Amino acid sequence: MTATSETTEVRVPYDQLLDLVTAAFVTRGLPRTRARQASEALCYGDLAGASSHGAVNLTRLYLPLLDEGRADPAASPVVLADHGAAVLVDARRALGLWQAGDAMDLAIERAARHGVGLVSVREGTHFGCAGHHARRAAEQGMVGLVASNCGRQRIARPPGGRVALLGTNPLSVAAPAGAHPPFVLDMSTTEVPTGRVRAAARVGRQIPPGWLADDGGRPVTDPAAFDRGEAHLLWLGAMGSTFKGFGLGLMVEVLSALVAGSGFGPATEALSGDGRPSGRDDDIGMLMVAIAPALLRGPEAVTGDAEQLFGTVLACPPTDGNTPVRYPGWPEAERARHHREHGVPLEPGLHAELAGLAASLGLEFPVDGGGR
């Protein structure tokens with residue numbers, strides 16, 4: 001184990017983590033190629049530092065989805081409408097971890113021909129970090145946009161409302177940055193995703209005011225109150241704006257669900273809720289967009305401008321000389337580089353859980369990958 005100033009963690013080589021997650025998906029019937037794609041999408045969370053969206057969800061979310069039949073390991077998505085630059089896909093409950101990447105790849109292929117590619121998806125399932133899929137476009141010199149609702153799952157209430165109507169409705173935009181790491185904005189439209197609340201609850205850590213509130217609108221700092229039904233999730237910017245985060249959440253619902261014809265959070269049955277989360281995250285809607293600016297004005301111009309844009313941000317004089325200015329995507333790229341070199345950090349409880357899974361599959365799993 002590797003001790004830090006705040007906690008104790010175990011570091012394992014990234015490739016071994018991928019191998020274990022891949023093997024687990026193969027046991028659930030996924031073809032190995034798709035299982036590897038799914039593993040890379042899931043472990044991106046651990047690699048980039050968003051551990052609440054990483055391997056911790058393997059046994060808590062993704063394997064149960066497959067075991068319960070809510071995700072189909074053998075599903076083959078079908079194109080329902082194809083208009084060149086715009087495509088509608090029925091995912092047929094394929095595991096979103098790999099299917100969302102394929103949808104973005106299709107958007108990229110269409111953008112290379114038309115300047116823009118739009119792939120709308122219905123009957124989707126959880127896909128992990130939105131930024132992982134948006135980044136695929138940036139790696140091809142394009143701008144990527146990903147929006148996803150939570151299907152028929154309702155977690156957050158509208159401002160002034162007594163029942164939950166929307167999910168955390170993530171949104172991501174990625175863009176190339178020349179010689180710098182890609183810009184990758186990956187955000188929930190609530191103040192934080194539920195994964196971060198539950199991660200804090202697992203380790204018994206208090207959360208800051210502004211994440212949760214009780215029915216009277218008072219801040220709640222005990223993360224376990226969320227799953228006890230004693231607190232609800234707040235929207236991004238809720239402390240200073242009535243509609244900012246909620247408006248973005250509705251925007252994602254429109255882009256992902258209304259366009260695709262997938263399940264809605266704000267469905268009629270939601271109105272009979274008791275204020276706590278309701279519904280299930282089935283029939284998720286997604287929007288994958290790739291934009292190819294190089295087709296409009298040439299790749300050299302776009303690359304040069306992108307490098308100048310993000311290079312100027314990095315060169316901004318900081319208020320604290322020990323904390324240079326960065327942009328979304330830069331810290332994640334640096335963490336990913338470090339974790340590839342020194343191992344991916346796992347909480348001891350998660351490491352023990354994965355080690356047990358590895359043993360059941362006849363795989364070796366390191367006690368400690370060593371180093372920070």
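**Questions about a predicted model**

Author: Helix H6 is followed by Gly-204, a residue whose phi is positive, near 70°. The model is predicted, with local features requiring pLDDT of at least 70 and side-chain atom pairs pLDDT 80 or more, while totals for chains, interfaces and linings use all residues. Residues are numbered from 1 along each chain as its sequence is written, and side-chain values use heavy atoms, leaving out hydrogens and water.

Reader: What makes H6 a helix, and which of its residues are buried?

Author: H6 covers residues 194-202, and it counts as a helix because it is a DSSP run (H or I, at least four residues; a strand is an E run of at least two), numbered from the N terminus. Its buried residues are Thr-194, Gly-195, Val-197, Ala-199 and Ala-200, and what covers them includes strand E9 (212-213), helix H7 (224-227) and strand E11 (232-233).

Reader: Why does His-132 count as buried?

Author: Buried means under 20% relative accessible area, exposed means over 50%, and partly exposed lies in between (1.4 Å probe, protein chains only). His-132 has 14% relative accessibility, so this residue of helix H5 (residues 130-138) counts as buried. Leaving aside residues up to four places away in sequence, His-132 touches Glu-40, Ala-41 and Tyr-44, where contact means heavy atoms within 4.5 Å.

Reader: Why is Phe-264 called partly exposed?

Author: Its relative accessible area is 34%, which falls between the two cut-offs, and therefore Phe-264 is partly exposed. The residue lies in the loop between helix H8 (244-260) and strand E12 (284-291).

Reader: How do you know that strand E6 and strand E7 pair?

Author: Two strands pair if DSSP finds at least two bridges between them. Strand E6 (residues 143-148) and strand E7 (residues 171-177) run antiparallel and are joined by 4 bridges, so they meet that requirement. Within this pair, Val-146 stands opposite Ser-172 in E7.

Reader: What makes strand E3 and strand E8 edge strands?

Author: They belong to an open sheet of 7 strands with mixed pairing, in the order E3-E4-E5-E12-E6-E7-E8. Strand E3 (78-82) and strand E8 (180-187) are its edge strands, as each pairs on one side only.

Reader: How do you know that E9 and E11 pair, and in which sheet do they lie?

Author: E9 and E11 run antiparallel and are joined by 2 bridges, so the cut-off for pairing is met. Leu-212 has Leu-233 in E11 as its bridge partner. Both strands lie in an open sheet of 3 strands, in the order E10-E9-E11, with antiparallel pairing.
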